[in-house]
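Colleague: Before I plan around this protein, could we go through the model together, one region at a time?

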Amino acid sequence: MTKVVEHSHPRLRNLHYQGDIIGDLNEGVRTRNQIANQISYACYTSQIEPKNINEAIVDEYWVGAMQDELNQFERNEVWSLVPRPKDINVIGTKWVFRNKTDESGKIVRNKARLVAQGYTQVEGVDFDETFAPVARLESIRLLLSIACIKKFKLFQMDVKSAFLNGYLQEEVYVEQPKGFVDPHSPNHVFKLKKALYGLKQAPRAWYDRLTQYLIDNQYRRGGIDRTLFIKHHDHDIFVAQIYVDDIVFGSTNKTKVDEFVSVMSSEFEMSMVGELNYFLGMQVKQTSMGIMLNQSKYAKNLVKRFGLENGKDFETPMSTTLKLDKDEKGKSVDQSLYRSMIGSLLYLTASRPDICFSVGLCARFQANPKESHLKAVKRIIRYIKGTHSLGLFYSFDTNDILVGYCDADWAGNIDDRKSTSGGCFYVGNNLVSWSSKKQNSVSFPLPKPNTLRPEVLAHNYFG
């Protein structure tokens, strides 16, 4: 009788050594398309971000990115090569290199940008007016709320080299880009016909060109928010919000969306046209129930940046019993580090009203931060570590009623006894705006008549 023995394949194991596994175990199972995209990005993009032209010029992917930028200049007829004029200010140029990532943090594109060194411009000579409006984050959140009320999807597009589309009203000359100097005319310079990134008037020139083009195509500009464009047709509405070269738009009629994309693509070279999912560092997820807005990727990078990823989590951003003051006897800490932490946290408040008061309170001590203040800021970051996925949910179950709430503490600041005001505004059930700010003056009740002499009253009120 032959005994049957079951042999396991020597190359297969149920358990694998952790060191043999490629990638992050916490990311979960990835689909074949996701793996194929990652391989594609890794094979056709550089994973290193060069610091200067000398590092970039030896990398074929960055050379290709720089060549794409210059080809864009030629297509847009941005400049023309001319002999160097005498007694004319010639502005220098510089290459800026950035790796573009998606919402998961993967590098998807190498972007080389040629910028003008605008700090050498002379007012009244090669620039005049520089102002250009920029959409506020409150406007973006309000647009999300309107999309929920009207129940339509939002889309986004990016204008390739947007500033290259703005016409210049001044005579401006720039140096030839490093690494791409014409060998036959090395002393020549470029005379600009259109704006270049880095020029002081570039944002204004681009905004003027875009605004005029949309108005010529029957889009109406907002009266209060000048970066908002609206178009009505019967009972349908189209809304577009401009943030420099990023455009968020949507409509109750899909035909109007296609029309807008066609209009913009016919005049400008566009990229990244699709559903809104990642905008200004904020992740947007549109579902059948509503829109989720958060900054989980930014929050995780913030925690990692300041080396607190292994720290203890906190359930609240600040203790209810903590009373921060100037702490003049405390030990001073690095101002640059403290201000960097505060600046990073302030941007996170774009989708996290739960840390607005705590961050605002700590921001008051940036002039001379102490150890007690730094400890409070680190607690906020540790709170974020455990709550990085929190954000705002804009529900379709809402209405168009605007409701505001406000309150203030009573002389909450220990140093000057000023109160802190807090407020928030809802459109229906969706939060669109909030603030926490220390009041400009001290508030206290008036004394009863005849209890103090006039000179004492004057001293109390006017010092």
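Colleague: How far apart are the end C-alpha atoms of helix α5 (residues 202-216), and what span should its 15 residues give?

Modeller: Please keep in mind that this is a predicted model. Helix α5 has 15 residues, and at 1.5 Å a residue, counted as one less than the number of residues, these should span 21 Å. The expected span agrees with the model, in which the end C-alpha atoms of α5 are 21 Å apart.

Colleague: Which elements cover the buried residues of α5?

Modeller: The buried residues of α5 include A202, R204, W206, Y207 and L214, and the helix is followed by Q218, whose phi is positive, near 70°. What covers the buried residues includes the strands β5 (154-159), β8 (220-221), β9 (228-233) and β10 (236-243), together with the helix α6.

Colleague: Is K256 buried or exposed?

Modeller: K256 lies in helix α6 (residues 254-267), and, leaving aside residues up to four places away in sequence, K256 touches H233, F238 and S251. Buried means under 20% relative accessible area, and because the relative accessibility of K256 is 15%, this lysine counts as buried.

Colleague: How do the residues of the contact of α8 with α10 divide into nonpolar, polar and charged?

Modeller: The axes of helix α8 (residues 335-348) and helix α10 (residues 371-386) come within 11 Å and cross at roughly 40°, and the crossing is left-handed. From α8 the contact draws on Y338, M341, I342, L345 and L348, while α10 brings H373, L374, V377, K378, I380, I381 and I384. Taken by class, these residues are ten nonpolar, one polar and one charged.

Colleague: In the open sheet with the order β17-β18-β19, which strands stand at the edges?

Modeller: The open sheet has three strands with antiparallel pairing, and strands of a sheet pair through backbone hydrogen bonds. Two of the strands each have a single partner strand, so one side of each is left without a neighbour in the sheet. The edge strands are therefore β17 (402-408) and β19 (430-438).

Colleague: Which residue of β18 stands opposite G404?

Modeller: β17 and strand β18 (residues 420-427) pair in the antiparallel sense over seven bridges. Across this pairing, the residue of β18 that stands opposite G404 is F425.

Colleague: Which helix packs on the sheet, touching β18 and β19?

Modeller: The direction of the helix in question makes about 155° with that of β19. The helix that packs on the sheet, with contacts to β18 and β19, is α4 (residues 137-150).

Terms used: Residues are numbered from 1 along each chain as its sequence is written. This is a predicted model: local features need pLDDT of at least 70, side-chain atom pairs count only at pLDDT 80 or more; totals for chains, interfaces and linings use all residues. Side-chain values use heavy atoms; hydrogens and water are left out. Helices (H or I, at least four residues) and strands (E, at least two) are DSSP runs, numbered from the N terminus. Buried means under 20% relative accessible area, exposed over 50%, partly exposed in between (1.4 Å probe, protein chains only). Contact means heavy atoms within 4.5 Å. Axes are lines fitted to C-alpha atoms, for helices over the stretch in contact, and angles run from 0 to 180 degrees between N-to-C directions. A crossing is left-handed if the near helix is turned anticlockwise from the far one by less than a right angle, and right-handed if clockwise. Ala, Val, Leu, Ile, Met, Phe, Trp, Tyr, Cys and Pro count as nonpolar, Asp, Glu, Lys and Arg as charged, and the others, Gly among them, as polar. Two strands pair if DSSP finds at least two bridges between them.
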